[in-house]
Amino acid sequence: MNKQIWLGVDVGSVSTNLVVLDGAGQLMQKIYIRTNGDPIGSVQRALDELRHREIETVSGLGITGSGRQLIAAAVGADLVKNEITAHAVAAAHFYPDVQTIMEIGGQDSKLILMRQGVAVDFAMNTVCAAGTGSFLDQQAGRLKLPVERLGELALQATNPVRIAGRCSVFAESDMIHKQQMGHSLPDIVAGLCLALVRNFLNNLGKGKELLPPFVFQGGVAANIGIRRAFEEVLGAEVIVPEHYGVMGAVGAALLAREEMQRNSRPTAFRGFGLANREIHCESLECTYCPNHCEVVFLQLDGQTIAGWGDRCGRWQGAKKDLRVG
Amino acid sequence: MRIGIPRALLYHWYGKAWESFLLACGFTPVVSPPTGRRQVELGVRAAQDEICLPVKVFMGHVRYLAEVEKVDAVFVPHQIQVEKNRFICPKFMGLPDMVRAVLPRGMPMLLWLNDRQRHLWSVQAVDGQIRRKLPKEKIRRALSLARQVASERWTELAQAAGSQNQGLQIGVIAHPYCLYDGHLSMDLLGRLRAADVQVLTPEMTPDRWLQAKIPGLNKPLFWTLGRRIMAAALYYAEQGVDGVIHLAAFGCGPESVVGELVARRLQEHGIPLLGLNLDEHTGEAGFATRLEAFLDLVTRRKSCCG
């Protein structure tokens, strides 16, 4: 029997991640690149990079993340899953007894409660992006610091200041105020971490029973300051998985494996050659009805292969199975 | 005379009855088209900011009828009570006044009044011109016809919709104007049906559940819609549904209380609950992600824990 290779892709707002798992679900390769507003280009770059790492035949590919629909149509996916399920499956794969998962990504954050290896409840931030990676990015930029350094800076704090974490606009003006008052940078950054963690737990954890073991994943888990703040507020150890930044992609790959093992079929993946093909999107405002849906068409080498964005399904044609939802 | 009926709020329960009432009175009923972006935009611009989305959408339908359909009058359901000792929410009580602020000057309203103090079913024409066309006897006959149509509609709503397969069974709790408005609900029922889920709705709750005392509450819930939601949740729990989805309009007062009561009860029964809130900023992507994740959760839970 051939060696199995499973690909997982997580197309997020800030980063695009690609992982390669072997048949046993062990991580063999991972690629983490910034999406920079170009999901298709970033996936092409990731595929191109993998091509040079001599990957054998792919058994299946799963996709998750906010750009999942677009990328699934472009690369040919065997499975398209939401980020919540993907993160839950990945965490349970490495930590079967996990009971609480905190995931903070570029633009959204999630709290997933697990019992006996299955998700029993979840919450996702709604319209507000306070406390997510983008906000940290922005604040680091304002302080002229690389975002990677925020965490270690927070650890140097002796007396974290109080910052309002309810809203990123208020948090920012609070931080400026504290700077003007003469508080040290580490104290302010540590205060920010605590504020974000409290905001996360108040918003998403309201009324929920948060039990250890806690697993913290997503890009923001790189920030040791946030991890410490979680440990302080929760009063328990918080585990950050080795591959915290690509857990969504790992989950997508695991789900693709599960799906393909259930219904054996050849993979829909169009191959690593996609990196050099022309993938292009066009959009229009449909005028058939007063809803004026914004419809997007995906073209591969000049041929339209999928369309979506319409509420009525008029433009989706045979590609209905690729709808989000 | 063309009288516009806004396809919003309790239209989803009584709309057919109102149409047949107007027809029987010799008017031409004009029903606004199903909610779309147009009505939402018109309504959000016209209504006060604090009001819930369904009422804003109602105002959008009223404006659509007045400005696009150019009807001669607008039919406004002024529903305070549709059953004994229970009430519809205060926003329904103030509906005619809110509509008056939105209507073009001089456009008449035909009020459909449900109020226990007078009669559960009665009609009031604010405008003299309409009133002259409506002799008492004519109203009486039209009302009895409308009542019959309403009960047929009710039977239709109460019948189990969706597939009867052995797959997932999900109970949905929501006010009818959220649930049956495909635009507001982001086609929740259609999405569930597409996922091959057997759906239970509040309208399918047997009467005895609605009449029974709610254990643990020392006072009866006096909101008609909230009471139905509470009873439906308890009924679903007893039916052993795999999960419950609560679709609520942001800013709905009664729902904020009932929703919490429901959440606690379902937790005691160990039934997963997904709360979805609707307002004019609700994004479809987040909605679809949550729904999909919830169905995954319920499916995985069922296959592993039996």
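The following exercises, each with a worked solution, concern a predicted model.

**Exercise 1. Domains of the two chains**

Task: State how chain A and chain B are divided into domains, and give the distance between the centres of domain 2 and domain 3 of chain A.

Solution.
- Step 1. Chain A is divided into domain 1 (5–85 + 248–276), domain 2 (96–240) and domain 3 (279–322).
- Step 2. Taken over C-alpha atoms, the centres of domain 2 and domain 3 of chain A are separated by 38 Å.
- Step 3. For chain B, the assignment gives domain 1 (2–157) and domain 2 (160–305).

**Exercise 2. The interface inside chain B**

Task: Describe how domain 1 of chain B meets domain 2 of chain B, and determine which residues of domain 1 supply the most buried area.

Solution.
- Step 1. The C-alpha centres of domain 1 and domain 2 of chain B lie 27 Å apart.
- Step 2. In the contact between these domains, 26 residues of domain 1 of chain B face 26 residues of domain 2 of chain B.
- Step 3. About 2,200 Å² is buried between the two domains, and carbon and sulfur atoms give 66% of this area.
- Step 4. On the side of domain 1 of chain B, the residues B:Trp13, B:Leu53 and B:Arg86 supply 26% of the area buried against domain 2, more than any other three residues.
- Step 5. A search for salt bridges across this interface finds zero.

**Exercise 3. The interface between the chains**

Task: How many residues of each chain are in contact, and how many salt bridges cross the interface of chain B and chain A?

Solution.
- Step 1. The contact involves 22 residues of chain B and 25 residues of chain A.
- Step 2. The buried area between the chains is about 2,000 Å², with 50% given by carbon and sulfur atoms.
- Step 3. In chain B, the residues that lose the most area to chain A are B:Arg290, B:Glu292 and B:Arg300, together 29% of what that side buries.
- Step 4. Three salt bridges are found across the interface.
- Step 5. B:Glu292 forms a salt bridge with A:Arg68, and the closest N and O atoms of this pair are 3.8 Å apart.

**Exercise 4. Aromatic rings**

Task: Classify the aromatic pair of B:Phe92 and B:Tyr177 as stacked, tilted or edge-to-face, and decide whether each residue is buried or exposed.

Solution.
- Step 1. The structure holds 15 aromatic pairs over all chains.
- Step 2. In the pair of B:Phe92 and B:Tyr177, the centres are 5.8 Å apart and the planes make an angle of 40°.
- Step 3. The pair is tilted, because 40° is neither under 30 degrees, as stacking requires, nor over 60, as edge-to-face requires.
- Step 4. B:Phe92 belongs to helix α4 (residues 90–93) and B:Tyr177 to helix α8 (residues 176–179) of chain B; the two residues are 85 residues apart, and the pair links distant parts of the chain.
- Step 5. B:Phe92 is buried, at a relative accessible area of 3%, and B:Tyr177 is buried as well, at 6%.
- Step 6. Elsewhere, one aromatic cluster includes B:Tyr11, B:Trp13, B:Trp112 and B:Trp154 among its members.

**Exercise 5. Cysteines**

Task: Explain why A:Cys289 has no bond to the sulfur of A:Cys293.

Solution.
- Step 1. Over all chains, the search finds zero disulfides.
- Step 2. For A:Cys281, the nearest cysteine sulfur is that of A:Cys293, 17 Å away.
- Step 3. A:Cys281 is partly exposed, with a relative accessible area of 30%.
- Step 4. For A:Cys289, the closest cysteine sulfur also belongs to A:Cys293, at 5.9 Å.
- Step 5. A disulfide requires sulfur atoms within 2.5 Å, so 5.9 Å is too far for a bond.
- Step 6. A:Cys289 is partly exposed, with a relative accessible area of 35%.

Definitions and conventions. Residues are numbered from 1 along each chain as its sequence is written. Chains are lettered from A and ligands numbered from 1 in the order in which they are written. This is a predicted model: local features need pLDDT of at least 70, side-chain atom pairs count only at pLDDT 80 or more; totals for chains, interfaces and linings use all residues. Side-chain values use heavy atoms; hydrogens and water are left out. Rings of Phe, Tyr and Trp (its six-membered ring) pair if their centres lie within 6.5 Å; planes under 30 degrees apart count as stacked, over 60 as edge-to-face and the rest as tilted. Helices (H or I, at least four residues) and strands (E, at least two) are DSSP runs, numbered from the N terminus. Buried means under 20% relative accessible area, exposed over 50%, partly exposed in between (1.4 Å probe, protein chains only). Domain bounds come from an automatic or database domain assignment. Contact means heavy atoms within 4.5 Å. Buried area is the accessible area (1.4 Å probe) that two parts lose on being put together, summed over both. A salt bridge is a side-chain nitrogen of Lys or Arg within 4 Å of a carboxyl oxygen of Asp or Glu.
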